[in-house]
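Q: I'm new to reading protein models, so could you take me slowly through one part of this one? Please explain the terms as you go.

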Amino acid sequence: MTERTRAHVFVSGTVQGVFYRATTRDTARERGVDGWVKNLEDGRVEAVFEGPEDAVESMVEWCHDGSPKASVEDVEVEYGDPLGENGFEIRY
């Protein structure tokens, strides 16, 4: 079985109002990654990805492009131990 990992991600740039959260949710579900995504008041998007290391890493890489209308300037990532996320949701 593949080792599970957790990535806590902060994405900055033009990432709100461009379907970034919805596209993140759909992409994570397609790749079998659990977690959540939400907008922050400072204009960034915050996300947590949990799952197999390769799938989580693919989501972190995906964040550098994001949704088609997004313009990503920076992606900050902190890795840690999984906390048991189940499914993937948009948080408000």
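Which strands does helix 1 (residues 20-30) lie across? After that, I'd like a close look at how strand 1 (residues 4-14) is held in place by its neighbours.

A: Quick heads-up: this is a predicted model, where local features need pLDDT of at least 70, side-chain atom pairs count only at pLDDT 80 or more, and totals for chains, interfaces and linings use all residues. Residues are numbered from 1 along each chain as its sequence is written, and side-chain values use heavy atoms, with hydrogens and water left out.

Helix 1 lies across strand 1, strand 2 (34-39), strand 3 (45-52), strand 4 and strand 5. Helix 1 runs at about 175 degrees to strand 5. Angles here go from 0 to 180 degrees between N-to-C directions, with axes fitted to C-alpha atoms, for helices over the stretch in contact. Helices (H or I, at least four residues) and strands (E, at least two) are DSSP runs, numbered from the N terminus. Helix 2 (residues 53-63) packs on the sheet too, touching strand 1, strand 3 and strand 4, where contact means heavy atoms within 4.5 Å. Its direction makes about 155 degrees with that of strand 3.

Now for the sheet itself. It is open and mixed, with 5 strands in the order 4-1-3-2-5. Strand 4 (71-80) and strand 5 (88-90) are the edges, each pairing on one side only; two strands pair if DSSP finds at least two bridges between them. From one strand to the next, the twist averages 15 degrees. In general, strands of a sheet pair through backbone hydrogen bonds, either parallel or antiparallel. Strand 1 and strand 4 run antiparallel, joined by 9 bridges. One of the partnerships to look for is Ala-7 with Tyr-79 in strand 4.

Next, zoom in on the side chains. Arg-4 and Asp-34 meet in a salt bridge, at 3.2 Å from N to O. Arg-4 lies in strand 1 and Asp-34 in strand 2, so this pair ties together parts that are 30 residues apart in sequence. A salt bridge means a side-chain nitrogen of Lys or Arg within 4 Å of a carboxyl oxygen of Asp or Glu. Arg-4 is partly exposed, at 31% relative accessible area, while Asp-34 is buried at 15%. Buried means under 20%, exposed over 50%, and partly exposed in between, using a 1.4 Å probe and protein chains only.

Arg-4 also forms a salt bridge with Glu-50, with the closest N and O atoms 3.9 Å apart. Since Glu-50 sits in strand 3, that pair ties together parts that are 46 residues apart in sequence. Glu-50 is buried, at 0% relative accessibility.

Arg-6, also in strand 1, has a salt bridge with Glu-50 as well, its closest N and O atoms being 2.4 Å apart. Because Arg-6 lies in strand 1 and Glu-50 in strand 3, this pair links parts 44 residues apart in sequence. Arg-6 is buried, at 12%, and among the residues it touches are Val-48, Tyr-79 and Leu-83.

Zooming back out, Arg-4, Arg-6, Asp-34, Glu-50, Glu-85, Glu-89 and Arg-91 are linked in a network of salt bridges, and the structure holds 9 salt bridges.

Key:
Lists of a residue's contacts leave out its neighbours within four places in sequence.
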